[in-house]
Number of protein chains: 2
Amino acid sequence: MDKREPHVVVVGAGFGGIMVARNLAGTRARVTVIDRANHHLFQPLLYQVATAALSPANIAAPIRDILRRQPNAEVFLAEVVGVDMQAKCVLLRDADPIPWDYLILAPGTRYNYFGHDEWERDAPSLKTLSDAVSIRQDILLAFEAAEMERDPERRKALLTFALVGGGPTGVELAGSLAELAQRAMRQDFRHIRPSETRILLLEAAPRILSMFPDKLALAAERALERLGVEVRTGAKVESVEPGAVVVSGEHIPCSTVLWTAGVVAAVPIGKWLGVETDRIGRIAVAPDLSVPGHPNVFVIGDAAHVEHEGQPLPGVAPVAMQQGRYVAKLIRARMDGKPIEPFRYHDKGNLATVGRSFAILDLGRLKLSGFIAWVLWLWIHIWYLIGFRNKISVFIQWAWAYITWQRSARLITGPIPAPGKR
Amino acid sequence: MDKREPHVVVVGAGFGGIMVARNLAGTRARVTVIDRANHHLFQPLLYQVATAALSPANIAAPIRDILRRQPNAEVFLAEVVGVDMQAKCVLLRDADPIPWDYLILAPGTRYNYFGHDEWERDAPSLKTLSDAVSIRQDILLAFEAAEMERDPERRKALLTFALVGGGPTGVELAGSLAELAQRAMRQDFRHIRPSETRILLLEAAPRILSMFPDKLALAAERALERLGVEVRTGAKVESVEPGAVVVSGEHIPCSTVLWTAGVVAAVPIGKWLGVETDRIGRIAVAPDLSVPGHPNVFVIGDAAHVEHEGQPLPGVAPVAMQQGRYVAKLIRARMDGKPIEPFRYHDKGNLATVGRSFAILDLGRLKLSGFIAWVLWLWIHIWYLIGFRNKISVFIQWAWAYITWQRSARLITGPIPAPGKR
């Protein structure tokens with residue numbers, strides 16, 4: 001039996017962290033959720049904010065709001081800078097350390113520039129709401145600058161977008177961007193035809209969507225090509241510079257490069273814990289998701305390395321949610337002095353979408369591509385959106401966008417650089 | 001009769017500018033709308049974005065979207081830096097000058113710090129979407145910092161908000177902020193009670209809402225006090241400093257000061273045109289709204305000084321819209337070689353709201369305060385929101401917020417300063 005009121009500290013309010021907190025509601029544990037953002041983010045739809053199809057508030061909910069009816073949970077808006085394993089404390093920037101009885105680390109991942117961090121300035125990646133708003137602004141400003149540009153070469157470069165990385169995020173971003181250019185903004189300009197927009201999806205591997213079976217990945221590639229996206233596989237990005245990208249020796253002038261290739265753990269979690277990590281900074285956890293040698297410290301979500309059928313589990317929401325639920329169950333069992341089985345992953349399949357009427361779905365035995373898969377994709381995403389209001393609001397916004405091809409969120413809210421300065 | 005295709009250049013896509021452009025649809029005029037933002041803003045609801053009741057996309061529509069079906073109109077995203085009256089050109093930052101046959105200047109106003117521009121840093125004002133998002137962040141971060149603060153004095157200062165200026169914007173902001181603190185966020189925190197929030201509405205004049213009759217202004221003051229707002233009239237702000245405001249000799253520690261007092265023309269329009277202005281930089285226009293001596297140059301909206309029953313017209317949306325419609329009609333008449341009557345203002349009355357169930361309404365003979373006035377306020381605002389989708393979406397968001405007291409837009413999207421650094 002555990003002591004009376006164990007303090008459970010959860011670092012990161014993504015899908016995994018929120019699940020831990022919610023599944024400890026009504027227990028005698030005290031829960032503290034620490035995040036450097038004040039909101040939980042529905043990351044699978046972040047690309048739709050970047051392409052002006054949804055607004056930030058559609059895919060984010062304040063963490064306090066999610067936990068407001070759970071009196072045993074509190075929320076700290078702070079940045080974790082380390083862990084003191086001896087003193088059993090989480091170290092915060094500019095605030096007192098927080099002691100824990102159980103520590104759950106769910107920091108997620110960030111994109112990896114493969115040793116070229118200097119590319120980030122010209123090829124931003126998409127992880128936070130503020131990334132999405134800033135990329136939305138970059139995309140919209142490229143069209144604005146093209147509308148005012150008289151030189152055909154420069155105009156062409158302004159209307160060229162390169163997406164680096166052919167995983168689900170790159171594919172979804174490419175599809176949504178193609179629709180923004182070719183449909184939603186079709187009537188918006190007088191000097192350019194947005195349909196002249198060139199979208200390159202660059203993948204270093206021999207094919208895109210490597211986590212899907214060949215046949216489905218190929219179907220997605222065809223769907224992208226129907227939307228006018230140029231899919232280039234075996235395309236190695238050799239350099240990113242202001243206004244251009246160099247791919248397999250070819251210098252391609254383009255105003256906008258977006259980076260969606262490869263991830264690493266968002267924080268140096270191996271160093272914090274003093275344990276080994278895998279190649280991308282993840283912790284190989286024990287069968288109960290604890291850190292080897294530290295039975296009260298757990299790593300879940302994208303930063304955990306858990307083998308399943310000989311492969312590490314992918315960094316997707318269902319994995320993190322199942323792991324969060326499991327750890328909460330484990331803590332409840334420990335408080336009651338009961339044993340618990342090791343974590344077991346239930347594969348819910350794999351989904352990716354291309355624009356607004358095509359998706360691919362891999363459920364193991366069942367493999368689907370096309371409109372039906374897209375309807376399933378829509379249904380699953382609305383179902384899992386945290387917060388009732390968001391479900392209705394997102395659904396209406398989608399329905400409206402679907403009917404009219406209008407983009408309600410085409411807003412440039414930051415300071416606008418002069419067209420000549422791009 | 002005017003020449004075949006006169007070029008009408010409209011500077012500013014507020015209520016007045018958009019009205020000019022839309023009312024020239026289907027004519028042989030070519031219309032160019034220039035604005036430094038890419039969106040038309042429904043300014044009367046901007047305070048609701050600042051207090052997390054609405055999202056930016058609810059109250060803004062891309063200018064291109066508004067004019068997309070009007071082939072004779074084009075949009076320039078650019079900053080106007082001057083006017084060449086000899087060459088009949090508008091001068092842009094970092095772009096070629098744009099020649100005009102008719103020029104309509106509708107630049108609007110900005111807030112006036114009465115010679116203390118250095119106060120702006122610590123007492124921001126609310127004019128643009130990015131102002132609203134930044135003020136929303138300041139407000140939410142003040143509560144976050146208070147939740148983590150242990151010193152009772154500093155905590156009290158973090159929960160003190162001073163609003164400078166008792167006009168409609170100050171009153172509406174105060175009411176909405178009070179509701180955010182006392183209702184919407186009631187269950188969000190564990191260490192502070194948001195109901196302890198102190199909101200000061202500071203007005204230098206003997207009473208608030210000077211444009212309304214005494215009785216209505218007093219009713220609004222009572223409604224504010226019921227929401228817990230401290231209304232201080234005859235309160236002169238003597239200094240704004242980081243973390244404090246000095247009012248009539250009293251030093252009040254407060255983390256957040258918002259400025260809503262007094263406006264001046266947003267650009268030095270008098271200098272551009274080489275004509276005299278009134279005290280706040282507005283141009284006294286001729287009875288047809290043209291600039292004296294320049295029959296093809298017009299000033300409309302907040303930057304125009306037009307007398308009506310011995311008083312200058314107020315800087316509100318109905319005035320700008322009527323003026324925009326009039327100037328479009330005048331240009332159509334000139335193209336047809338017909339005469340036109342001088343501009344006549346039709347007074348539609350005056351409205352202000354206090355929170356979500358109380359408004360005051362002055363229609364001349366009819367004066368209302370209370371819930372019925374608020375329903376009228378709601379109806380009028382939804383009716384005038386440009387863009388059908390926004391109407392439905394805003395209505396749902398309002399209805400949802402009204403039922404649940406939740407604020408869906410409580411998002412901090414920018415970089416978060418450390419709590420100790422506030």
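Domain bounds here come from an automatic or database domain assignment. With that noted, I looked up chain A: the split is domain 1 (7-111 + 263-335) and domain 2 (117-261 + 350-410). Their C-alpha centres lie 28 Å apart.

Ground rules next. This is a predicted model, where local features need pLDDT of at least 70, side-chain atom pairs count only at pLDDT 80 or more, and totals for chains, interfaces and linings use all residues. Residues are numbered from 1 along each chain as its sequence is written, while chains are lettered from A and ligands numbered from 1 in the order in which they are written.

I checked confidence. The complex gets an ipTM of 0.88 and a pTM of 0.91 from the predictor. Chain A has a mean pLDDT (the predictor's confidence in each residue, from 0 to 100) of 90, with 91% of its residues at 70 or more.

Back to the domains of chain A. I found 24 residues of domain 1 in contact with 32 residues of domain 2; contact means C-beta atoms, placed from the backbone, within 7 Å. On the domain 1 side, α2(A) gives the most, with 5 residues. Helices (H or I, at least four residues) and strands (E, at least two) are DSSP runs, numbered from the N terminus.

Last, I turned to helix α4 (residues 129-148) of chain B. At 1.5 Å a residue its 20 residues should span 28 Å (1.5 Å times one less than the number of residues), and the end C-alpha atoms are 29 Å apart, which agrees. I also see that 15 of the 20 residues of α4(B) are buried, meaning 20 or more other C-beta atoms lie within 10 Å of a residue's own, with C-beta atoms placed from the backbone.

Note on methods: Buried ≥ 20, exposed ≤ 12 C-beta atoms within 10 Å, placed from the backbone. Contact = placed C-beta atoms within 7 Å.
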